[in-house]
Amino acid sequence: MFQIGPYTIDSQLILAPMAGVTDRPFRQLCKRMGAGLVVSEMVTSDTRLWKSRKSTYRLNHAGEAEPRSVQIAGGDPDMMAAAAAMNVERGAQIIDINMGCPAKKVCNKAAGSALLKDEPLVRKILEAVVAAVEVPVTLKIRTGWDQANKNGLTVAKIAEDAGIKALAVHGRTRSCGYKGEAEYETIANIASSVSMPVFANGDIDSPIKAKQVLEKAGCTAVMIGRAAQGKPWLFREIDHYLRTGTMLPPPDLKEVREILLGHLQELHQFYGDYMGVRIARKHVGWYLQNRPDGSSFRKQFNSIELAADQTAAIESFFDNASSPNVAA
């Protein structure tokens with residue numbers, strides 16, 4: 001267990017915020033599967049854009065388990081502070097600041113990991129947001145801008161001075177994107193230099209890897225992103241291993257079918273039939289990506305236009321499946 005402000009997190013596993021992935025249905029599913037904390041998709045600090053359809057869905061936290069953590073992104077201290085306050089009014093209980101996203105469309109707006117190039121601006125943003133809200137503020141960063149400018153430790157100390165309550169570090173620079181090996185040594189250096197909880201992020205895709213990273217980085221928890229796509233039970237498997245030292249068997253065919261159908265129903269209910277059908281396509285592709293017959297089924301599934309027909313197609317797929325290795 002560890003604390004973020006007044007909140008006790010009872011698992012060392014955190015779902016990383018991922019744009020277009022960690023919507024409310026997926027967050028709730030991962031929470032049920034063992035994630036101690038789930039973080040929302042990145043929301044722009046430009047509140048003038050909050051009336052867009054995309055932002056409306058991202059700002060919807062109705063019925064979510066506490067604590068509700070909402071990530072905001074932007075490069076203007078006043079706008080970030082205002083966005084934080086408005087999110088708290090809408091039910092956010094933790095505000096997370098994005099200084100880790102490497103996407104060009106984010107960095108080109110001097111947000112995300114682009115901010116790591118401007119340490120004085122980092123300080124101004126963090127201090128403005130912390131002052132604007134009474135809830136805990138957390139931060140996600142990378143190890144630096146590029147290999148020649150790895151200032152993650154400096155930014156971590158700025159964050160601690162500014163009152164940030166927890167820090168997630170993706171073990172790559174912005175220029176690395178998602179390539180190369182994650183720098184757990186850098187995360188370890190940061191974790192040993194600050195007193196707040198530090199979460200290691202990057203390439204954690206199994207119970208054994210999670211334990212290795214926790215030990216190597218000396219961090220409080222691990223943050224899992226892409227590895228959970230189509231495999232939300234990964235949180236349950238890692239949590240069990242960390243607590244007991246034994247491995248859980250993967251879910252059988254019947255359980256995977258139930259999880260996927262439940263996820264599908266939640267997507268349809270949350271987004272409505274039109275958007276729900278389209279968003280479901282990528283999730284179904286992730287669930288079935290390791291199936292030998294998954295590719296051909298996905299092509300067929302992606303042409304389905306009605307929610308009921310999507311459900312029927314998944315039911316038929318599993319009825320005809322014989323291998324227990326869907327979750328492999």
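Two strands are taken as paired if DSSP finds at least two bridges between them. In this predicted model, an open sheet of nine strands has the order 4-3-11-10-9-8-7-6-5, with parallel pairing. Its edges are formed by strand 4 (37-38) and strand 5 (43-44), each of which pairs on one side only.

Within this sheet, strand 10 (residues 198-201) is joined to strand 9 (residues 166-170) by four bridges, and the two run parallel. At this pairing Ala-168 stands opposite Phe-199 of strand 10. Strand 10 is also joined to strand 11 (residues 221-224), in this case by three bridges and again in parallel. Here Phe-199 stands opposite Ala-221 of strand 11. Between strand 10 and strand 11 the chain passes through helix 8 (residues 207-217), and this β-α-β crossover is right-handed. Strand 9 is further joined to strand 8 by five bridges, the two strands running parallel. The bridge partner of Ile-141 in strand 9 is Val-169.

In a regular strand the side chains alternate between the two faces of the sheet. In strand 10, Val-198 and Ala-200 point one way, whereas Phe-199 and Asn-201 point the other way. All four of these residues are buried.

The structure holds two cavities of 30 Å³ or more. About 60 Å³ of space lies in the largest cavity. Its lining consists of Ile-4, Leu-37, Val-39, Ser-69, Asp-96, Thr-138, Leu-139, Ala-166, Leu-167, Ala-168, Phe-199 and Met-223. Strand 8 (137-142) and strand 9 are the elements that give two or more residues to this lining. Strand 9 gives the most, with three residues. By class, the lining of the largest cavity comprises nine nonpolar, two polar and one charged residues. Ala-168 and Phe-199, which stand opposite each other in the pairing of strands 9 and 10, are both among the lining residues of the largest cavity.

The second largest cavity encloses about 30 Å³ of space. Arg-27, Val-38, Ser-40, His-61, Glu-64, Pro-67, Arg-68 and Ser-69 line this cavity. Its lining divides into two nonpolar, three polar and three charged residues. Ser-69 is found in the lining of the largest cavity and also in that of the second largest cavity.

Helix 9 (residues 234-244) has as its buried residues Leu-234, Phe-235, Glu-237, Ile-238, Asp-239 and Tyr-241. The elements covering these buried residues include strand 3 (13-15), helix 1 (24-32), helix 8 and strand 11. Helix 8 is thus part of the cover of helix 9 as well as the helix of the crossover from strand 10 to strand 11. After helix 9 comes Gly-245, which has a positive phi, near 80°.

Leu-29 is found in helix 1. With a relative accessible area of 6%, Leu-29 counts as buried because the value falls under 20%. Not counting residues up to four places away in sequence, Leu-29 touches Pro-232, Ile-259, His-263 and Tyr-287. For one of these contacts, that with Ile-259, the C-alpha atoms are separated by 8.6 Å, although the two residues are 230 residues apart along the chain.

Terms used. Residues numbered from 1 in each chain as written. Predicted model: local features only at pLDDT ≥ 70, side-chain atom pairs only at ≥ 80, totals over all residues. Heavy atoms only, no water. Buried < 20%, exposed > 50% of the residue type's maximum accessible area, 1.4 Å probe, protein only. Right-handed = clockwise from strand over helix to strand, strands pointing away. 1 Å grid on protein atoms, 1.4 Å probe; cavity = no way out; pocket = protein on both sides within 12 Å on 5 of 7 lines; lining within 4 Å. Points joined across faces, edges and corners; volume = space filled by probe spheres on them. Nonpolar A, V, L, I, M, F, W, Y, C, P; charged D, E, K, R; others polar. Contact = heavy atoms within 4.5 Å.
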